[in-house]
Amino acid sequence: MLCKALIIDTRKELSTKYKKSLTDKDIEVQIARSIQDGFGFIQSLEPDLIIVSDSITEPLADFCEKIRILTYNIRPVIVALSKSDNIEDKIKVLESGADDFISEPVNFKEFQIRIKAHLRRELETNLDNKTLLPNEKYSIRALKRTLAESKDWATLLISIENYKQYIDVYSEFAGDKVIQTLIAILKSTLSDTDFISKLNENEFLIITKSHVAERLASFIVMAFDSVASKFYSHEDTKRGYMLVQSDDEAGRRIDFVSLLISVVSSEFDSYSNPEHLIHKMRRIKPLAKLPAKSNYIVDRPKITGVTDSNIKYNKKIVILEKDEAMELLLRTTLELQGYDVLTSAEDDAPAMFIIDTGDNMDKLELCSKIKNNPVFVHSKIIVTSNYHDKSAILNTGADLYLPKPYEISTLVKWIEYFMREIS
């Protein structure tokens with residue numbers, strides 16, 4: 001992970017020596033010759049460490065206080081350099097926001113070791129505890145630097161789909177193994193100049209060059225799918241999906257984990273705000289979704305017009321219930337909950353189908369037709385039935401099997417669960 005250090009020093013020769021002593025493959029050093037340039041660097045690059053000397057025109061303590069106010073949300077390390085070794089001067093500067101005070105002339109070896117120690121502690125506070133990758137806060141900082149400095153970049157947002165459900169079935173320990181496997185694949189694909197971080201529990205970010213981004217995405221999905229079978233039991237592998245047994249005896253079908261990757265680059269658009277870039281990657285990611293398979297999507301002009309409405313889920317529920325009294329009860333209950341209840345799929349794909357098969361399996365053919373129709377690829381299917389063959393029902397593509405008789409409150413609970421999952 002490349003660190004950014006900023007030296008604010010009006011002295012040309014000495015500041016150049018400081019820069020030379022610190023610069024290596026892990027540290028990039030910038031020099032600002034004036035207070036104004038220093039503030040400009042801080043706002044655009046958000047350095048991890050700022051070294052300021054008393055050669056500036058403003059009192060060192062006052063300037064450290066201003067830097068600390070300016071950087072309250074990023075909290076870089078501030079090191080003061082001064083020709084003074086007076087204890088009162090040191091105390092005043094440290095109380096004004098500096099993390100260290102070094103008197104000049106310096107021993108360059110000691111200077112180098114102390115600065116690197118500060119940087120090491122700074123970076124450790126921005127690492128995810130489990131993966132030891134930079135966290136979301138540092139990811140935003142890295143993106144901001146990339147957008148400010150580079151004209152050739154690409155970002156990959158990598159999401160493990162069905163990860164939370166996988167943990168529910170196989171435990172958090174098994175989930176950690178999936179994460180470790182993915183990280184090993186990601187690291188094997190990256191060069192020393194690429195950046196990798198963890199945004200949240202199941203999302204990762206890569207910053208690379210635009211000409212290699214699609215090739216990286218293609219390799220990552222291929223490599224992950226080639227080892228994904230090792231994540232499951234023999235029974236689930238044979239069945240083709242994970243099966244969750246609920247306390248209310250409902251059986252839930254959960255697809256295997258897969259990767260969705262969205263790729264955005266500087267090739268077709270420009271960005272200045274890292275949060276906007278992350279939002280864009282999350283917004284186009286669902287367009288890559290394939291049944292039971294990892295996939296990626298690259299942002300190109302033909303999809304830059306995609307809006308949230310294209311992938312936004314509705315609150316429409318189609319009820320196919322044989323019992324008229326039961327259908328009326330379900331309709332009334334769900335409408336009171338704020339859902340739009342239909343008896344058939346209209347122009348827009350509904351968020352959910354509730355299908356009652358009664359005492360036979362005839363309507364299960366409908367499940368397969370719905371699941372295999374690309375129009376309904378994101379719709380959830382709940383099957384209620386007196387026919388208690390859980391595996392047979394789930395094998396048709398149903399997302400949930402709910403044995404009859406059931407409590408209306410149980411059905412509503414599952415509907416709310418799925419709505420949260422797909423929203």
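1. A pocket, as the word is used here, is an open set of grid points with protein on both sides within 12 Å along at least five of seven lines. With that in hand, a friendly note on this predicted model: the largest pocket holds about 1300 Å³ of space. Of its 45 lining residues, Glu 161, Asn 162, Lys 289, Glu 421 and Ile 422 are the closest to the centre. If you are looking for a place to start in the viewer, these five residues mark the spot.

2. Which elements supply the lining of the largest pocket? At least two residues each come from β6 (154–161), α7 (163–170), β10 (251–254), β11 (258–265), α11 (274–284), α12 (308–311), α14 (364–372) and α16 (408–422). Helix α16 has the largest share, with four residues. By class, the lining of this pocket divides into 15 nonpolar, 14 polar and 16 charged residues.

3. The second largest pocket has about 940 Å³ of space. It is lined by 29 residues, and those nearest its centre are Leu 2, Asp 192, Thr 193, Asp 194 and Phe 195. Two or more lining residues come from each of α6, β7 (195–200) and β8 (203–208). Among these elements, α6 gives the most, with five residues. The classes here are 13 nonpolar, five polar and eleven charged.

4. Now to enclosed space. The structure has one cavity of 30 Å³ or more, and the volume of the largest cavity is about 40 Å³. Its lining is made by Lys 4, Ala 5, Leu 6, Glu 28, Gln 30, Phe 41, Leu 45 and Pro 47. Strands β1 (3–8) and β2 (27–32) and helix α2 (35–45) each provide at least two of these residues, and β1 gives the most, with three. Five of the lining residues are nonpolar, one is polar and two are charged.

5. Helix α2 turns up again in a helix pair. As a general point, two packed helices are described by the angle between their axes and the distance between the axes. For α2 and α6 (residues 136–149), the angle is about 115° and the axes are 8 Å apart. Gln 43, Ser 44 and Leu 45 make the contact on the α2 side, with Lys 144, Arg 145, Ala 148 and Glu 149 on the α6 side. This contact has two nonpolar, two polar and three charged residues. Leu 45 is worth a second look, as this residue of α2 takes part in the contact with α6 and also lines the largest cavity.

6. Which residues of helix α3 (residues 60–70) are buried? They are Leu 60, Ala 61, Phe 63, Cys 64, Ile 67 and Arg 68. These residues lie on the same side of α3 because they cover an arc of only 160° around the axis. The buried residues of this helix pack against β1, α2, β3 (49–53), β4 (77–82) and α4 (87–95). Note that a charged residue, Arg 68, is in the buried set.

7. Some backbone details deserve a check before you set anything up. Most residues other than glycine have a negative phi, and most peptide bonds are trans. Against that background, the bond joining Glu 104 and Pro 105 is cis, with omega about 5°. Pro 105 sits in the loop between β5 (100–103) and α5 (108–124). The peptide bond from Lys 404 to Pro 405 is cis as well, with omega near 0°. Pro 405 belongs to the loop between β17 (400–403) and α16.

8. Two residues that are not glycine have a positive phi: Glu 46, at about 45°, and Leu 132, at about 60°. Glu 46 is in the loop between α2 and β3, while Leu 132 is in the loop between α5 and α6. Is each of them buried or exposed? Glu 46 has 11% relative accessibility, under the 20% limit, and therefore counts as buried. Leu 132 is exposed, because its relative accessible area is 60%, over the 50% limit.

Note on methods: Residues numbered from 1 in each chain as written. Predicted model: local features only at pLDDT ≥ 70, side-chain atom pairs only at ≥ 80, totals over all residues. Heavy atoms only, no water. 1 Å grid on protein atoms, 1.4 Å probe; cavity = no way out; pocket = protein on both sides within 12 Å on 5 of 7 lines; lining within 4 Å. Points joined across faces, edges and corners; volume = space filled by probe spheres on them. Buried < 20%, exposed > 50% of the residue type's maximum accessible area, 1.4 Å probe, protein only. Arc of directions from axis to C-beta. Contact = heavy atoms within 4.5 Å. Axes fitted to C-alpha atoms, helices over the stretch in contact; angles between N-to-C directions.
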